[in-house]
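Got the viewer open? Let's take a short walk through this model, one selection at a time.

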Amino acid sequence: LFINSLYLLLCRLQIEESSKPVRLSQQLEKAVTTNYKPVANHQYNIEYEKRKKEDGKRARADKQQVLDMLFSAFEKHQYYNIKDLVDITKQPV
């Protein structure tokens with residue numbers, strides 16, 4: 001009888017625990033003021049645009065100069081992606 005009542009109590013506690021709502025709503029006293037205001041142009045975008053303008057259009061360098069840059073790059077690594085070569089030589093694709 002004692003074990004049976006303990007078991008029933010345990011079952012009741014489990015049912016009560018499982019029936020509690022997972023999410024609870026709470027009322028706020030004052031408005032939340034930590035919101036972020038929207039920014040038209042972020043700082044990193046401005047810096048990127050400035051850098052891009054400073055570099056300007058990529059002008060073709062002397063053929064021998066470009067070949068020297070490519071050979072020195074291939075001395076370091078055997079394989080390169082075309083984008084990496086463009087970045088290294090600072091030449092148009």
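Start by selecting Gln91: at 9% relative accessibility it counts as buried, because the cut-off for buried is under 20%. Keep in mind as you click around that this is a predicted model.

To get your bearings, find helix H4 (82-89); Gln91 lies in the segment after that helix. Now show side chains. The side chain of Gln91 reaches the backbone nitrogen of Ala61 at 2.9 Å. Want the rest of the surroundings? Leaving aside neighbours within four places in sequence, Gln91 is in contact with Arg58, Ala59, Arg60, Ala61, Val66 and Val86.

Next, stay with Gln91 but switch to pockets. Gln91 is one of the residues lining the second largest pocket, which has a volume of about 170 Å³. Select the others too: Asp62, Lys63, Val66, Leu67, Leu70, Ile82, Leu85, Val86, Thr89, Pro92 and Val93. Helix H3 (63-76) and H4 each supply at least two residues of this lining. Colour by class and you should get eight nonpolar, two polar and two charged residues.

Last stop: the largest pocket, with a volume of about 240 Å³. Which residues line the largest pocket? Pick Tyr48, Arg51, Lys52, Asp55, Gly56, Lys57, Arg58, Ala59, Asp87 and Lys90. Helix H2 (residues 43-55) gives the most here, with four residues. Keep the class colours on: this lining divides into seven charged, two nonpolar and one polar. Before you close the session, click Arg58 and Ala59 once more: both line this pocket, and both are in contact with Gln91, where you began.

Technical notes. Residues numbered from 1 in each chain as written. Predicted model: local features only at pLDDT ≥ 70, side-chain atom pairs only at ≥ 80, totals over all residues. Heavy atoms only, no water. Buried < 20%, exposed > 50% of the residue type's maximum accessible area, 1.4 Å probe, protein only. Polar contact = N/O pair within 3.5 Å; in protein donor to acceptor, adjacent residues only side chain to side chain. Contact = heavy atoms within 4.5 Å. 1 Å grid on protein atoms, 1.4 Å probe; cavity = no way out; pocket = protein on both sides within 12 Å on 5 of 7 lines; lining within 4 Å. Points joined across faces, edges and corners; volume = space filled by probe spheres on them. Nonpolar A, V, L, I, M, F, W, Y, C, P; charged D, E, K, R; others polar.
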